[in-house]
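Subject: Structure handover

Hello,

Here is the structure you will be taking over. Please have it open while you read the notes that follow.

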Amino acid sequence: MTRILLLGGTTEASQLAKTLAETGADAVFSYAGRTAKPVSQPLPTRVGGFGGVEGLAEYLRTESITHVVDATHPFAAQMSTNAVQACEATDVKLCAFERPAWQAGEGDAWVHAGTIDEAVNALPDAPARVFLAIGKQNLAQFAVKPQHHYLLRLVDAPEASLPLPHTTVEIARGPFDVAGDTALMQRHGITHVVAKNAGGAGAAAKLTAARTLGLPVIMIGRPDVPARPIKGSVAEVMAWLSHSAA
């Protein structure tokens with residue numbers, strides 16, 4: 001019998017969950033628990049970490065999981081690494097459902113950064129107004145440049161004080177559109193955009209808006225994770241599940 005663990009948190013994960021539910025698959029959806037009110041899913045859902053590689057391996061054994069689909073955010077490198085190692089340890093089949101990375105196009109003014117620290121260093125020394133579109137996990141690293149005013153767009157309101165002295169917080173959940181993101185940047189007088197190369201359509205509007213406004217984008221590349229099969233659509237994942245189960 002096939003039993004699937006879907007590691008979620010992305011639009012792609014929600015799309016796959018819908019298809020799995022419609023086909024009657026025996027599947028569990030897992031959220032990392034980083035947002036207070038995650039999107040409801042049509043599958044049995046668990047929230048929270050597993051306790052590293054050993055904890056995830058134990059969960060796979062206890063729950064008789066046969067297949068894992070890693071549809072986490074492309075920057076959730078630790079979870080993806082844990083999934084590879086836990087599946088290898090338990091002989092559970094694994095694939096990633098991953099959206100393609102964004103590519104710079106004509107009219108884009110991108111500065112490529114390999115890490116968060118490189119992105120910090122790419123910001124100017126003179127005070128600027130920065131749309132820091134990277135979520136809330138890596139804000140502290142930008143504290144070495146406190147002269148800037150940072151615009152943050154978060155799903156949940158911060159529960160503690162932010163490590164940056166000059167910030168404006170917008171609470172919103174994507175997907176976003178170009179008109180809205182253009183107006184947002186104009187309203188806040190943004191001069192620079194910092195983004196993680198998450199890919200996908202839901203958060204791409206800020207890049208089109210930046211191009212339209214002639215703003216530089218500091219684009220942080222995806223972290224490395226161990227090699228694993230990668231699927232790019234719901235249909236590809238479903239075909240993989242069917243083939244590997246057979």
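A disulfide is a pair of cysteine sulfur atoms within 2.5 Å. By that cut-off, the structure, which is a predicted model, holds 0 disulfides. C87 is in no disulfide, and the cysteine sulfur nearest to its own, that of C95, is 9.9 Å away. The same holds from the other side: C95 is in no disulfide either, with the sulfur of C87 as the nearest one, at 9.9 Å. Because its relative accessibility is 4%, C87 counts as buried. C95 also counts as buried, because its relative accessibility is 0%.

Salt bridges

How many salt bridges does a search of the whole structure find? The search finds 12. Three of them are described below.

R61 and E58 meet through their side chains in a salt bridge, at 3.8 Å from N to O. Both residues sit in helix α2 (residues 52–62), and because they are 3 residues apart there, about one helical turn separates them. R61 counts as partly exposed, because its relative accessibility is 48%. E58, at 44% relative accessibility, counts as partly exposed too.

The next pair is R228 and E98, whose side chains form a salt bridge of 3.0 Å, N to O. R228 lies in the loop between β11 (217–220) and β12 (230–231), while E98 lies in the loop between β5 (93–97) and β6 (110–113), so the pair ties together parts that are 130 residues apart in sequence. Are R228 and E98 buried or partly exposed? R228 is buried, with a relative accessible area of 14%, whereas E98 counts as partly exposed at 23% relative accessibility. This pair also belongs to a wider arrangement: D70, E98, R222 and R228 are linked in a network of salt bridges.

The third pair is D125 and K145, where the side chains meet in a salt bridge at 3.9 Å, N to O. This pair links distant parts of the chain, 20 residues apart. D125 is in the loop between α4 (116–122) and β7 (129–133), and K145 is in the loop between β7 and β8 (149–154). The two partners fall on opposite sides of the exposure scale: D125 counts as exposed, at 63% relative accessibility, but K145 counts as buried, at 9%.

Aromatic pairs

The count of aromatic pairs comes to 3. One of them is formed by F50 and Y59, and its geometry is edge-to-face. The ring centres are 5.1 Å apart, with 65 degrees between the planes. The planes would have to be over 60 degrees apart for that label, so this pair qualifies. F50 and Y59 are both buried.

A pocket

What is the volume of the second largest pocket? The volume of the second largest pocket is about 240 Å³. Its lining is made up of 15 residues. Those that lie nearest the centre of the pocket are K136, A157, P158, E159 and A160. Which classes of residue make up the lining of the second largest pocket? By class, 9 of the lining residues are nonpolar, 2 are polar and 4 are charged.

Regards

Notes. Residues numbered from 1 in each chain as written. Predicted model: local features only at pLDDT ≥ 70, side-chain atom pairs only at ≥ 80, totals over all residues. Heavy atoms only, no water. Buried < 20%, exposed > 50% of the residue type's maximum accessible area, 1.4 Å probe, protein only. Salt bridge = Lys/Arg side-chain N within 4 Å of Asp/Glu carboxyl O. Helix = DSSP H or I, 4+ residues; strand = E, 2+ residues; numbered from the N terminus. 1 Å grid on protein atoms, 1.4 Å probe; cavity = no way out; pocket = protein on both sides within 12 Å on 5 of 7 lines; lining within 4 Å. Points joined across faces, edges and corners; volume = space filled by probe spheres on them. Nonpolar A, V, L, I, M, F, W, Y, C, P; charged D, E, K, R; others polar. Phe/Tyr/Trp six-rings, centres within 6.5 Å; stacked < 30°, edge-to-face > 60°.
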